[in-house]
Amino acid sequence: MNSTTIMISLFPIVFVIHELEEILMLEKWKSGKVEMLSHRYPAIARMVSAMSRRGFALIAAEETVLTLAATAIALYGGWQAGWYALCLGAGVHLLVHIGQCVILRSYALGSLTAIITLPYYITALIHTSSEYTPTEIICIGLCGCSVVVINLIAMHSTMRRMGWDIK
């Protein structure tokens, strides 16, 4: 097994580590932050207070299926661009968590594993970037970030419509 295969194969595992922190810490984090958020960011506070662990776990499960599919296609189908896009999008997602820590001046949900796993994402993306030109990396990155954002919005909307975001 070469180092590129290892880097690609680790993506779902590293992704799940981050998702588990979010799922396990959601309720405790909410109890300490909703009131503070309601003063500074009322729209975000309403969204956060409506989240349930079950709904969040279902979203994480769907996202994990996407990472597994992209990883399998990269490893067995020979098309790494989808994997690269999702890996880059997930890495940017981690930067958002770190940015939330800075803005909130305290722990933000998912920020511990964001800090711990970010080196993997940086290493994996650098290691596999030799297959792409800088322009392709930018295009793939924009696609990956767009997919991550659109999927997250769609999944939260689905959970709300199904009533699974509320306890």
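**Cysteines, helices and buried residues**

Reader: Why is C143 not bonded to the closest cysteine sulfur?

Author: In this predicted model, the sulfur of C143 lies 6.8 Å from that of C139, the closest cysteine sulfur. A disulfide requires two cysteine sulfur atoms within 2.5 Å, so a separation of 6.8 Å is too far for a bond.

Reader: What makes C145 fail the test for a bond?

Author: The closest cysteine sulfur to that of C145 belongs to C143, at 9.6 Å. Against the cut-off of 2.5 Å, this is too far for a bond. By this rule, the count of disulfides is 0.

Reader: Why is C143 called partly exposed?

Author: The relative accessible area of C143 is 47%. Buried means under 20% and exposed means over 50%, so with 47% C143 is partly exposed. The value for C145 is 23%, and C145 is therefore partly exposed as well.

Reader: How do you know that the span of helix α6 agrees with expectation?

Author: Helix α6 runs over residues 134–162 and has 29 residues. At 1.5 Å a residue it should span 42 Å, and because its end C-alpha atoms are 42 Å apart, the two values agree. The buried residues of α6, among them G141, G144 and N151, pack against α3 (53–77) and α4. Just after α6, G163 takes a positive phi of about 75°.

Reader: Why is N151 called buried?

Author: N151, a residue of helix α6, has a relative accessible area of 15%. As this is under 20%, N151 counts as buried.

Reader: What makes the pair N151 and E62 a polar contact?

Author: The side chains of N151 and E62 are joined at 2.9 Å, and the cut-off for a pair of N or O atoms is 3.5 Å; the pair therefore qualifies on distance. Leaving aside residues up to four places away in sequence, N151 touches E62, E63 and L66.

Reader: How do you know whether H18 is buried or exposed?

Author: H18 lies in helix α1, and its relative accessibility is 2%. Since the limit for buried is under 20%, H18 counts as buried. Its side chain makes a polar contact of 3.3 Å with the side chain of H93. In addition, a polar atom of the H18 side chain is 3.4 Å from the backbone oxygen of G110. Residues that H18 touches, not counting those up to four places away in sequence, include L94, H97, T113 and A114.

Reader: What makes the phi of R105 worth pointing out?

Author: R105 has a positive phi of about 60° and is not a glycine. Most residues other than glycine have a negative phi. R105 is located in the loop between α4 (81–104) and α5 (111–128).

Reader: Why is R105 called exposed?

Author: Its relative accessibility is 73%. Exposed means over 50%, so R105 counts as exposed.

Reader: What is the bend in α5, and where does it occur?

Author: Helix α5 bends by about 40° at T117, and the proline P119 follows within four residues. From its first C-alpha to its last, this helix of 18 residues reaches 25 Å, close to the 26 Å expected at 1.5 Å a residue. T117 is one of the buried residues of α5, as are T113 and A114. The buried residues of α5 pack against α1 (3–40) and α4.

Terms used
Residues numbered from 1 in each chain as written. Predicted model: local features only at pLDDT ≥ 70, side-chain atom pairs only at ≥ 80, totals over all residues. Heavy atoms only, no water. Helix = DSSP H or I, 4+ residues; strand = E, 2+ residues; numbered from the N terminus. Buried < 20%, exposed > 50% of the residue type's maximum accessible area, 1.4 Å probe, protein only. Expected span 1.5 Å × (residues − 1). Bend = angle between axes of the 7 residues up to and from the residue. Contact = heavy atoms within 4.5 Å. Polar contact = N/O pair within 3.5 Å; in protein donor to acceptor, adjacent residues only side chain to side chain.
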